[in-house]
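Reader: I would like to go through this structure with you and ask about the reasoning behind its labels. Could you show it to me?

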Amino acid sequence: MTKEFIKASGRVEVVLTKADGTVEREEINNLVVTVGKQHIAARLGSSPPTGMSHIAIGTGATAPAAGDTTLQSELDRNAATGTPSANTIVFSATWNPGDGTGAITEAGIFNNSSGGTMLSRVTFPVKNKDAADTFAINWTITIN
């Protein structure tokens, strides 16, 4: 008997560039949540749902859980580019000076500019984004 297992996993790179040019970079494994896995399965159907298109950032600190459908405390959401390659896709979004300012500790990938289905969620040590700073996320999702 042949058994096949498909797993969705991810790795998130967060980059905070301070106004003085100092760069804080961190990589974190993420959780693909239950509704995200259901979304992936639904994309195989004849009437697939809308693809992932936005990354949200927030200030929540509760650890990600499989049942999550939103961020704990969303601060801002920006459009993301998605670049597929083989069995991965990299979603990228940037918050320029004046956008998404705050003590950022969580992020999620969504298929809408508000609400929508969340694919994945991650928390990380606080990144204090001041008004003159730039914050970027590069989020790699791998299906293997």
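Author: Gladly, and please keep in mind that this is a predicted model. Let's start with Arg 77, which lies over the face of Phe 110, 3.9 Å from the ring centre.

Reader: What makes Arg 77 count as lying over the face of Phe 110?

Author: The rule asks for CZ of Arg within 6 Å of the ring centre and within 35 degrees of the ring normal. Arg 77 is at 3.9 Å from the centre of the Phe 110 ring, so the distance part is met, and being listed as over the face tells us that the angle part is met too.

Reader: Why is the pair of Trp 95 and Phe 135 called tilted?

Author: Ring centres must lie within 6.5 Å to pair, and planes under 30 degrees apart would be stacked, over 60 edge-to-face. Here the centres are 6.0 Å apart and the planes at 55°, so the pair is tilted.

Reader: What does this pair tie together?

Author: Trp 95 belongs to strand β6 and Phe 135 to strand β9, so parts 40 residues apart in sequence are tied together. Both Trp 95 and Phe 135 are buried. The count is two aromatic pairs, and ring pairs join Trp 95, Phe 124 and Phe 135 into a cluster.

Reader: Which element gives the most to the lining of the largest pocket?

Author: That is α1, with four residues. The pocket holds about 480 Å³ of space and has 18 lining residues, with Ile 40, Arg 43, Leu 119, Ile 141 and Ile 143 nearest its centre. By class, the lining has 11 nonpolar, four polar and three charged residues.

Technical notes. Residues numbered from 1 in each chain as written. Predicted model: local features only at pLDDT ≥ 70, side-chain atom pairs only at ≥ 80, totals over all residues. Heavy atoms only, no water. 1 Å grid on protein atoms, 1.4 Å probe; cavity = no way out; pocket = protein on both sides within 12 Å on 5 of 7 lines; lining within 4 Å. Points joined across faces, edges and corners; volume = space filled by probe spheres on them. Helix = DSSP H or I, 4+ residues; strand = E, 2+ residues; numbered from the N terminus. Nonpolar A, V, L, I, M, F, W, Y, C, P; charged D, E, K, R; others polar. Buried < 20%, exposed > 50% of the residue type's maximum accessible area, 1.4 Å probe, protein only.
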